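This briefing covers a hairpin and two loop residues with unusual backbone angles. Please have the chain open while reading.

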Amino acid sequence: MTKTIKLNFVIALGATAGLFAQESPSLAETASATPEQTSSPSPAASAARNVPLRFVPPPMEGTISLGIFDSDDKLVRVLHREAKIDNFTIDENALRTTWDGKNDAGEDLPPGKYRARGYLVAHLNVDDAGKVDSPPSSASDHTSVKLVPNPLVSDTRSVVDVSVGFDSKGSFLETMDGLPLATISEGTNLVRVVIGKDGEKAADVWQDNGSSIEQFRVSNIDKMMAFDCGFFELK
C-alpha cells in the first residue's frame, strides 16, 4: 500500500533588491540579539556582526529554505530549512530574519561580501511506492526542475538542479550547492540515494540502506520559486 506524506516545501523567498540587503546596521538596530562568540568579544562587537535580512515572500504557500553564500558563491550557512512563515518576524509587506555572521559549525566568518538567497517550495507530496530490486539505469545523482516565475522579483533563473542528500535523520531534496529544500523520508542507515524525473511535475527517488531499496514518488516538484536577497557586507 502506498502512503502519502504531505510536505510544506518552500523554495523561494521572493525578495526585492531594496528590502532584504544589509545596510550596515547601527548598534541600535542590532544590539537586541548578541550571538555567542568563541573569542568573547565585547557586546558592541557581537551586535555589529548581526546582519538584518528583509524580503518579500512570494505569492505562494509553502516553506522557505534560505542560505548564506560567500563571495565565491559557496554555501556557508543554512539559515532556514523548510521554515514556515511564522519562523520569521513579520514586518509590513516583508519578512525579517537575522544572520549572526557564523557558519554552520558556529564559527565566526571573516568580514567581507556575502549573499543571501533561497527557495520556496509549495505543498509537495511524497508517496512511498515500496521496495524495488534496483533503480533504473536512467537514475542519477541530480535532475533539473523548472521553477515557477516569481512575479515580485526580476530573478532570471528558470531552472534549478536538485539532488538528494541524506544524513542520520533521513533523505531530503537539496540544491547542488547543498541547500536543503524538503524532507523525503526519515529512513536511517542510508548508503546511497538517486533520483530520476518523471515528466515536469514529478520525480522518483530510490534510497538504499544496504539491505533493501525503497522507491518514493515526489509529486508537484515543479512548485518552487527562487528568490535572491542580494549582496551585503559582513563587518
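**Two loop residues with positive phi**

Asp73 is partly exposed, as its relative accessible area of 42% lies between the 20% and 50% cut-offs. The model is predicted, and the points below start with this residue and then turn to Asn220 and the hairpin.

Asp73
- Asp73 sits in the loop that links strand 3 (63-69) with strand 4 (75-83).
- The phi of Asp73 is positive, near 65°, and this residue is not a glycine.

Asn220
- The loop between strand 15 (213-219) and strand 16 (224-234) holds Asn220.
- Asn220, also a residue other than glycine, has a positive phi of about 60°.
- Asn220 counts as partly exposed because its relative accessibility is 28%, and partly exposed covers values between 20% and 50%.

**The hairpin of strand 11 and strand 12**

Pairing
- Strand 11 (residues 170-175) and strand 12 run antiparallel and are joined by four bridges.
- Within this pair, Phe172 of the one strand stands opposite Thr183 in strand 12.

Turn
- Four residues lie between the two strands of the hairpin.
- Gly178 in this hairpin takes a positive phi near 100°.

Burial
- How many of the six residues of strand 12 are buried?
- Five of the six are, so strand 12 (residues 180-185) is mostly covered, where buried means under 20% relative accessible area.

Key. Residues numbered from 1 in each chain as written. Predicted model: local features only at pLDDT ≥ 70, side-chain atom pairs only at ≥ 80, totals over all residues. Heavy atoms only, no water. Buried < 20%, exposed > 50% of the residue type's maximum accessible area, 1.4 Å probe, protein only. Pairing = 2+ DSSP bridges.
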